[in-house]
Amino acid sequence: MAPDEADQECPVCVEKLRKVYRVPVREAGVGAALRSLVKRNTKDIAAVNDISFRIEPSEIVGFLGPNGAGKTTTLKMASGLLHPSGGSVRVLGYEPWQRRREFLSQITLVMGNRNQLEWDIPCQDSYDLLAAVYRVPPAQYRQTLEELTNLLELEPLLSKPVRNLSLGERMKCEVAGALLHRPKVLFLDEPTIGLDVTMQRRIRAFLKTYNQRTGATILLTSHYMADVEALCKRVVVIHHGSLLYDGGLSGLVEQFSAYKTIAIDLADGRAGIPAGGWGAYGEVIEEDGGTIKLRVRKQETAAITGRLLADLSIADLTVEDPPIDEVIEKVFASQP
Amino acid sequence: MRNILWVQFKTSLAVNLQYRAANLIWLLGAVLEPLIYLVVWDTVANVQGGSVGGYTRSDFAAYFLAQMVVGRLTFTWIMWEYEYFIRDGTLARRLMRPLHPIWVDVADNLAYKMFIVVVLIPVTILLIFFFQPALQTGWLDLVAFLPALLLAFVLRFCVEWALAMAAFWTTRINAINQVYFVVFLFFSGQLAPLDLLPGFAQTLANVLPFRWMLAFPIEVLLGRLSAQEIVLGCAIQLGWIAVAVAMLLWAWRSGVKQFSAVGS
């Protein structure tokens, strides 16, 4: 079935998506092992349970959740590796699991812990192969490769066999390989896993540029909140296979964090610390000479700020939201 | 499509060349195996006064040298590979590309054969010189040998690709492989020329597909078959290929469904 225009308007549409795995269960011990020879007990586990969301064209959406939340399962269903147990997922108007050539030619799936390139031959040879498999016209291939080579500084790596590259170098080459056919939809599963901060930043900046240049739609999972903060205005949070939150990154903090952080610089340094300590204002989370960070309840922030300014001699005061990964951690910890 | 296969073939060739030392060791094993059978049968023939069941010592030499060549050119390692592919997720990578994974295996096998043939020719010439095999190959046999060899390869490739799909259902596919290779060893003519087998086993060998994957092209090359037998043999090969392709298509479709239902 050919995708119609309405489908093109929603590159990724997930509707009540479910994935149930049937897993064998067995108690410990020899007796249980013998019993399992005769009768195998299985249990159905819903890895993804009634998830719905839509991603608009050119959007970069962060897909968050702790390990085992169902993120990778959802990405695999969206990219066509897994067959949904219920509900539907449509990508660029196609049913992904049918893995039609037109569909596969327009998407890419990057898994940070899996390599896509041929291990034993130079990157350049792998790229030639990918260009042929994806039927990229030679002129377009040359141009795309040149662009990617410049953006990711691949030049010195192209002639090296993949197995001789460092993890960071390999990831750059993997990302470039995944984009040679200029996919319209990118599913990125932990694209920066194991990379150092500089390389993470480089990959991140590159993805942003790619998104701006091509208008590609990106769904990305990452354990590094810096990735999400830098790239995604919107996040979808899942936990135990169910949708917990879908909206702006700032809204997530708004909704799930009951606290704010007040950072103050005392004009007189340590001498300005109130005699009764900070207990009357909030909880000290950081103290370095005359610089103090206090955690206060969100609804009391304005009142406490007023009192601080009235009571103490303050050189500088800022009110901040708590770091996003702290918020996310709290969200998951508070769920049963 | 031709371009994709060509680039895939070049890539496979590059990988094979990368592992040329390992490949040469594999080849050494592959050359030694028929030579061991040859030495055994040669000894038996010697003890029995120079021949066994009509096979003289130089007939055995011819048979096992031909077997070495045909065996190498029809052999595939797909069944061993797929267990690993499915367990390790390499298959997921192949599934994400807009190209049926079988084409990668086609290119891989052709590239390996291309690599191996270059080494195999001098080795065979050397061994012919050493073992003095009895060759009664006519030019017609030589001509008929090519399609018989090609069909044998296609048949073996399709059968083993279909069987490799068992890895979708069980992660212990090695047990299945073991059974297959034991049956193959006996009924394909790998262990001994099929006309040395007892009558019922010969009948069985004609009915089963294994003879048509190995012994048949050897017999054609050695000039042991009449023109009529050659034509009939090729027809049987084609018949089995049709069965194997049907089996392969079914195994792939239901296997992938299984894979995508369970996860990777």
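User: At roughly what angle do the axes of helix α10 (residues 249–256) and helix α12 (residues 324–334) of chain A cross?
Analyst: This is a predicted model, where local features need pLDDT of at least 70 and side-chain atom pairs count only at pLDDT 80 or more, while totals for chains, interfaces and linings use all residues. Residues are numbered from 1 along each chain as its sequence is written, with chains lettered from A and ligands numbered from 1 in the order in which they are written. Axes are lines fitted to C-alpha atoms, for helices over the stretch in contact, and angles run from 0 to 180 degrees between N-to-C directions. The axes of α10(A) and α12(A) come within 10 Å, and they cross at roughly 55°.

User: Which word describes how α10(A) and α12(A) lie to each other?
Analyst: Angles under 35 degrees count as roughly parallel, over 145 as roughly antiparallel, 65 to 115 as roughly perpendicular and the rest as oblique. The crossing is at roughly 55°. The two helices, α10(A) and α12(A), are therefore oblique.

User: Which residues of α12(A) make the contact with α10(A)?
Analyst: Two residues are in contact if their C-beta atoms, placed from the backbone, lie within 7 Å. From α10(A) come Leu249(A), Leu252(A), Val253(A) and Phe256(A). Facing them from α12(A) are Ile324(A), Val327(A), Lys330(A) and Val331(A).

User: Which strands stand at the edges of the open sheet of six strands in chain A?
Analyst: Strands (E, at least two residues) and helices (H or I, at least four) are DSSP runs, numbered from the N terminus, and two strands pair if DSSP finds at least two bridges between them. The order is β5-β6-β7-β3-β8-β9 in chain A, with mixed pairing. A single partner strand each, so that one side is left without a neighbour in the sheet, is what marks β5 (107–111) and β9 (242–248) of chain A.

User: What is the bridge partner of Ile60(A) in β7(A)?
Analyst: Strands β3 (residues 60–64) and β7 (residues 217–221) of chain A run parallel and are joined by four bridges. In β7(A), Ile60(A) is partnered by Ile218(A).

User: Which element gives the most to the side of chain B that touches chain A?
Analyst: Here 21 residues of chain B are in contact with 22 residues of chain A. At least two residues each come from α1 (2–18), α5 (90–95) and α11 (227–262) of chain B. With eight residues, the most is given by α1(B).
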